[in-house]
Amino acid sequence: MLPVDVDGDGDMDLIAGNAGLNSKLHAPGAQPVRLYYDDFDGNGKKEQLLTYRLRGEEVPFATKQQLEKQMPSLKKKFLLAEDFAKSDLQALAGNAGLDKVTKLEADYFQHVLLVNEGNMNFRLQPLPWAAQLSTYRTAVVVDVNGDKRPDVLLGGNFYENHVELGRNDQDFGTVLMNKGGGRFQTRLLPAGLMSGQVRQLQTIHTKNGKRILAARNNGGLLLLNLQPESVKKTPGNKAG
């Protein structure tokens, strides 16, 4: 989360990173993704059961083979994949059921701007669509075009997801260009300028002026010099 006075009214707004919208996991109509956690098969170890909505029905995200690795008892309970597909969550949960187990929910996945309206009231404003394509872990204030408005460089990606979910790798350097009034347009860095799993962005001062230092997970440091010509407009993107 990055505090920054986006609209220039003297109080701090917040850029809040989330999971983004480029994923198999969604919460349509505020129907939450759920994680159930308990010892479902009574073997003394707690298992995770992740669910999402498919055509309005809550179904497990993991396949039959993946769940059987956690709960071997399912192999005998559902001999055929067809039987597993027709079963409901209560049947998968077994004797533990779902009413008394630990349950976590997520019903909002967008990256947002939280506009400070005073008295600890914040208005939620989603970032532009082109800034929703990966996860973000860090951000830093920049002024790419010298207009004295705070722009924001985002950094993220996450590669260690399960193969069924796929890795988040679609951010190659995204700049939120401040258009005033709490509105942003996204700009992209040239391909290859900032890649990998960015975990920290920091402004540093060098003899040649300000630069952005990017630290990456399992990757080397990057030193960025952002100039107006180093970012390009995202086609069809408008300020939100």
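## The sheet β1-β2-β7-β8

In this predicted model, four strands form an open sheet in the order β1-β2-β7-β8, with antiparallel pairing. Its edges are β1, residues 2-4, and β8, residues 122-126, each of which pairs on one side only. From one strand to the next, the twist averages 25 degrees.

Within this sheet, β2 (residues 13-16) and β7 (residues 112-116) are joined by three bridges in the antiparallel sense. Leu14 has Leu114 of β7 as its bridge partner.

## The sheet β5-β4-β3-β6

A further open sheet consists of four strands in the order β5-β4-β3-β6, and its pairing is also antiparallel. Here the edge strands are β5 (57-60) and β6 (102-106), each with pairing on one side only. The twist in this sheet averages 25 degrees from one strand to the next.

Strand β4 spans residues 47-54 and pairs with β5 in the antiparallel sense over four bridges. Thr51 has Pro60 of β5 as its bridge partner. In both sheets described so far, the order and the antiparallel sense rest on strand pairing; in general, strands of a sheet pair through backbone hydrogen bonds, either parallel or antiparallel.

## Aromatic pairs and a charge over a ring

A search of the whole structure finds two aromatic pairs. One is formed by Tyr52 and Phe61, in an edge-to-face arrangement with 5.6 Å centre to centre and 75 degrees between the planes. Both Tyr52 and Phe61 are buried. The other is formed by Phe78 and Phe84, again edge-to-face, with 6.0 Å centre to centre and 85 degrees between the planes. Phe78 and Phe84 are likewise both buried.

A ring also takes part in an arrangement with a charged residue: the charged end of Arg167 sits over the ring of Tyr159, at 3.9 Å from the ring centre.

## Strand β10 and its neighbours

Strand β10, residues 151-156, is mostly covered, since six of its six residues are buried. In a regular strand the side chains alternate between the two faces of the sheet. In β10, Asp151, Leu153 and Gly155 point one way, while Val152, Leu154 and Gly156 point the other way, and all of them are buried.

The strand has pairing with both β9 and β11. With β9, β10 pairs in the antiparallel sense over six bridges, and Val142 stands opposite Asp151 in β10. With β11, β10 runs antiparallel and is joined by three bridges; Val152 stands opposite Leu176 in β11.

## The largest nonpolar core

The largest nonpolar core contains 15 residues, of which Val142, Leu153, Met194, Leu201, Ile212, Leu224 and Leu226 touch the most other members. At least two core residues come from each of β9 (136-142), β11 (174-180), β13 (197-206), β14 (209-217) and β15 (222-224). Two of the residues named here also appear in the account of β10: Val142 stands opposite Asp151, and Leu153 points the same way from β10 as Asp151 and Gly155.

Met194 illustrates the contacts made in this region. Residues up to four places away in sequence are not counted, and Met194 touches Leu153, Leu154 and Gly155, then Asp171, Phe172 and Gly173, and further Leu189, Leu201, Ala214, Leu222 and Leu224. Among these contacts, Leu153, Leu201 and Leu224 are themselves listed with Met194 as core residues that touch the most other members. Leu153, Leu154 and Gly155 are buried residues of β10.

## Helix α3 and Lys86

Lys86 is found in helix α3, which covers residues 81-86. Is Lys86 buried or exposed? Lys86 counts as exposed because its relative accessible area is 65%, and the cut-off for exposed residues is over 50%. Along the chain, Lys86 lies 35 residues from Thr51, and the C-alpha atoms of Lys86 and Thr51 are separated by 15 Å.

## The chain as a whole

The chain has four helices and 16 strands. Its C-alpha atoms fill a box of roughly 70 × 40 × 35 Å, taken along the principal axes. Of the 240 residues in the chain, 42% are buried. Among the contacts with a separation of 6 or more, 51% are accounted for by residues 24 or more positions apart.

Key: Residues are numbered from 1 along each chain as its sequence is written. This is a predicted model: local features need pLDDT of at least 70, side-chain atom pairs count only at pLDDT 80 or more; totals for chains, interfaces and linings use all residues. Side-chain values use heavy atoms; hydrogens and water are left out. Two strands pair if DSSP finds at least two bridges between them. Axes are lines fitted to C-alpha atoms, for helices over the stretch in contact, and angles run from 0 to 180 degrees between N-to-C directions. A nonpolar core is a set of buried Ala, Val, Leu, Ile, Met, Phe, Trp, Tyr and Cys residues joined through side-chain atoms within 4.5 Å. Buried means under 20% relative accessible area, exposed over 50%, partly exposed in between (1.4 Å probe, protein chains only). Contact means heavy atoms within 4.5 Å. Rings of Phe, Tyr and Trp (its six-membered ring) pair if their centres lie within 6.5 Å; planes under 30 degrees apart count as stacked, over 60 as edge-to-face and the rest as tilted. A charge sits over a ring if NZ of Lys or CZ of Arg is within 6 Å of the ring centre and within 35 degrees of the ring normal.
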